[in-house]
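Please open the model in your viewer and keep the sequence panel visible beside it. The stops below each begin with something to select and then say what is to be found there.

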Amino acid sequence: MASKDDNFNLKWRAYIEFRTILKIQPVQIFSELQGVVCVDCPSRSTGERWAARFRSGDADVTDLPRSGRPVSATTSENIALIESMVMEDKCITVNQLEQSMEISSGAIHIILTTELGYRSICGK
């Protein structure tokens with residue numbers, strides 16, 4: 001599923017591609033993007049790099065698949081299991097969850113804070 005940032009990147013790359021096809025210079029494209037997007041627009045050098053790729057014909061506006069391990073720890077099953085474990089024992093620690101779930105403490109922290117919205121109220 002594409003995130004907001006992915007959709008934004010797709011849009012500005014498509015804009016650069018179409019303006020490059022119309023033979024508009026990268027400096028002009030950058031100033032147009034700045035006028036519309038302001039803070040979140042790509043840098044001028046990034047725009048020039050993408051324009052050069054589009055001129056040479058070896059670029060696509062979508063991102064290529066990346067190598068590496070996909071995110072597998074923050075699945076809906078893991079989230080539900082961690083939530084049920086926390087509901088059973090409100091004093092359970094991240095280390096105890098890590099040992100029982102066999103996923104990293106960082107992934108557990110993300111699930112607890114980002115996915116479930118939990119936070120530590122009082123540490124011992």
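## The whole chain

Begin with the whole chain in cartoon view: from the N terminus on, its elements run α-α-α-α-α-α, which comes to 6 helices and 0 strands. Helices here (H or I, at least four residues) and strands (E, at least two) are DSSP runs, numbered from the N terminus. This is a predicted model, in which local features need pLDDT of at least 70 and side-chain atom pairs count only at pLDDT 80 or more, while totals for chains, interfaces and linings use all residues. Residues are numbered from 1 along each chain as its sequence is written, and side-chain values use heavy atoms, with hydrogens and water left out.

Next, colour by confidence, that is by pLDDT, the predictor's confidence in each residue, from 0 to 100. The chain averages a pLDDT of 81, and 85% of the residues score at least 70; confidence is lowest in H1, at a mean of 79, and highest in H4, at 91.

Colouring by accessibility shows that buried residues make up 26% of the 124 residues in the chain, where buried means under 20% relative accessible area, exposed over 50%, and partly exposed in between (1.4 Å probe, protein chains only). Among contacts (heavy atoms within 4.5 Å), residues 24 or more positions apart account for 51% of those in the chain with a separation of 6 or more.

## The largest nonpolar core

Select Ile82, Leu97, Ile103, Ile108, Ile111, Leu112 and Leu116, which touch the most other members among the 13 residues of the largest nonpolar core. Such a core is a set of buried Ala, Val, Leu, Ile, Met, Phe, Trp, Tyr and Cys residues joined through side-chain atoms within 4.5 Å. The elements that give two or more residues to this core are helix H4 (76–88), helix H5 (94–101) and helix H6 (105–115).

Centre the view on Ile82, which is found in helix H4 and is buried, with a relative accessible area of 0%. Leaving aside its neighbours within four places in sequence, Ile82 is in contact with Leu97, Met101, Ile103, Ile108, Ile111, Leu112 and Leu116. If you draw a distance from Ile82 to Leu112, the two lie 7.9 Å apart, C-alpha to C-alpha, although 30 residues separate them in sequence.

Now turn to helix H6, where Ala107, Ile108, Ile111 and Leu112 are buried. Looking down the axis of H6, you will find its buried residues within an arc of 135° (taken from the directions from the helix axis to the C-beta atoms), so they line one face of the helix. What covers these buried residues of H6 includes H4 and H5. Just after H6 comes Gly117, whose phi is positive, near 75°.

## The aromatic cluster

Select Trp12, Trp50 and Phe54, which ring pairs link into a cluster. Rings of Phe, Tyr and Trp (its six-membered ring) pair if their centres lie within 6.5 Å; planes under 30 degrees apart count as stacked, over 60 as edge-to-face and the rest as tilted. A search of the whole structure finds 2 aromatic pairs. In one of them, Trp12 and Trp50 meet edge-to-face, at 6.3 Å centre to centre and 90° between the planes, and this pair links distant parts of the chain, with Trp12 in helix H1 (residues 4–21) and Trp50 in helix H3 (residues 44–56), 38 residues apart.

The rings of Trp50 and Phe54 have their centres 5.6 Å apart and their planes at 40°, so that pair is tilted. Both residues lie in helix H3, 4 residues apart, about one turn of the helix. Trp50 is buried, with a relative accessible area of 10%, and Phe54 also counts as buried, at 12% relative accessibility.

Add Arg53 to the selection: its charged end sits over the ring of Trp50, 4.7 Å from the ring centre. A charge sits over a ring if NZ of Lys or CZ of Arg is within 6 Å of the ring centre and within 35 degrees of the ring normal.

## Two loop residues

Finish with Lys23, in the loop between H1 and helix H2 (26–37), which has a positive phi of about 65° although it is not a glycine. Then select Glu102, in the loop between H5 and H6, where phi is near 60°, again a positive value in a residue other than glycine. Lys23 is exposed, with a relative accessible area of 71%, and Glu102 is exposed, with a relative accessible area of 71%.
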